[in-house]
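Reader: I should like to learn how the features of a protein model are read. Please take me through them one at a time.

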Amino acid sequence: MIASESNSQTIKNQNDYSAPPVVEIKPDTFKEFGVTRVDDYFWLKEKTNPKVIDYLKAENTYCETVMQHTKDLQETLFKEMKARIKEDDQTVPQLNNGYYYYSRTEKDKQYPVYCRKKGSVNDPEEIIFDVNEMAKGKPAFLFHEYEVSENNNMAAYLYNTSGSYASYNLKVKNLVSGIDLEFKIENVQSFTWANNNTTLFYVIGNKSLRPYRLYCHQFDGTGNDKLICEETDELFNLEVDKSKTKDFIYIKSGSFTSSEVYIIPADKPLSEPKLFLLRQKDVEYDIEHHKSKIFVKYKDNLNKNSMIYEAPLTGYENI
């Protein structure tokens, strides 16, 4: 046997360990597109199933046993890699609507702190989100992104405590009081504010986590959330976004090979969405509004690497 340099324990051969855990086979049959397939391990997707949890715990225990002789080496490598990271760091402040936004990290803390300063980088700091505080007592915590309303008073943000990178909770924080509103939407994948500061658009996922429905919520108490549109094609994903000019709300639907965009004026969020260009097979496009023109990124079978076109602002009923 070979002696470990970092531990008095010896490196064992595979047959020195007990047998690894074996997952139970439970065949599931699926019939789609005229094809029948069998998945022996589809049942492992049941996250709350005690048998799934027990199996994962057994896998973890086995891994710890097999890797036990590398504990000292793991600690050495961790300390070396950590020493190469600047823990107390800060991003470059970016000016947006009168505020300089940035994030910073602190030594020995796991999560960033999101901040802003009004008017000048020399003005007092305002902490928007201290993710370290938000994550306390949680088994897992992912802070995905946030967006501030046009009046600078509200911040909508996405997070989860499950560790999933495909499904988040949407909440809104009052930046004046520092308190979250009594508002929470689950399984959200994208969102954006309208310019009236009271309308929030968001897209939710279906059971398979495909983003497919766009809603808008009114914070003026005028009623329930309104369904704006639904993407029924299983090959397409829905996304909501805002133009860089902040003049339009984009409703984007795309597959791997085609796409289309609908537009809503950000100042008139209850307007009917207008189609920019109808989806076509093997045609992908995206748009970006400019004060004097529209830029169109266009890709088809003749333009595999995409082309950038300029389109005038006039002559389009949807603009």
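The dialogue below moves from the whole protein to single strands and residues.

Reader: What kind of model is this, and how are its residues numbered?

Author: This is a predicted model, in which local features need pLDDT of at least 70, side-chain atom pairs count only at pLDDT 80 or more, and totals for chains, interfaces and linings use all residues. Residues are numbered from 1 along each chain as its sequence is written, and side-chain values use heavy atoms, with hydrogens and water left out.

Reader: How many helices and strands does the protein have?

Author: Helices (H or I, at least four residues) and strands (E, at least two) are DSSP runs, numbered from the N terminus. The protein has 3 helices and 23 strands.

Reader: What is the radius of gyration of the protein?

Author: The radius of gyration is taken over C-alpha atoms, and the globule rule is 2.2 Å times the number of residues to the power 0.38. For a compact globule of 319 residues the value would be near 20 Å, but the protein has 25 Å. The C-alpha trace spans about 80 × 65 × 45 Å along its principal axes.

Reader: Which share of the residues counts as buried?

Author: Buried means under 20% relative accessible area, exposed over 50%, and partly exposed in between (1.4 Å probe, protein chains only). Of the 319 residues, 36% count as buried.

Reader: Is strand 13 mostly covered or uncovered?

Author: Strand 13, residues 185-193, is mostly covered, with 7 of its 9 residues buried.

Reader: Which strands pair with strand 13?

Author: Two strands pair if DSSP finds at least two bridges between them. Strand 11 (residues 168-174) pairs with strand 13 in the antiparallel sense over 2 bridges, and Leu170 stands opposite Ile185 of strand 13. Strand 14 (residues 199-205) also runs antiparallel to strand 13, joined by 5 bridges. There, Tyr202 in strand 14 is the bridge partner of Phe191.

Reader: How are strand 13 and strand 14 connected?

Author: They form a hairpin with 5 residues between them. Asn197 lies in the loop between these strands and has a positive phi of about 70°, although it is not a glycine.

Reader: Why does the sign of phi deserve attention?

Author: Most residues other than glycine have a negative phi, so a positive value stands apart from that pattern. Asp108 is another case here, with phi near 65°; its loop runs between strand 6 (99-104) and strand 7 (113-118).

Reader: Are Asn197 and Asp108 buried or exposed?

Author: Asn197 counts as buried because its relative accessibility is 19%. Asp108 is exposed because its relative accessible area is 57%.

Reader: Which residues of the chain does Glu186 contact?

Author: Contact means heavy atoms within 4.5 Å. Leaving aside neighbours within four places in sequence, Glu186 is in contact with Tyr168, Asn169 and Ile204. Glu186 is found in strand 13 and is exposed, with a relative accessible area of 54%.

Reader: Where is Gly205, and is it buried or exposed?

Author: Gly205 is in strand 14, and it counts as buried because its relative accessibility is 7%. Its contacts, leaving aside neighbours within four places in sequence, are Asn187, Gln189, Arg210, Pro211 and Tyr212. Gly205 and Asn187 are 18 residues apart in sequence, and their C-alpha atoms are 5.8 Å apart in space.
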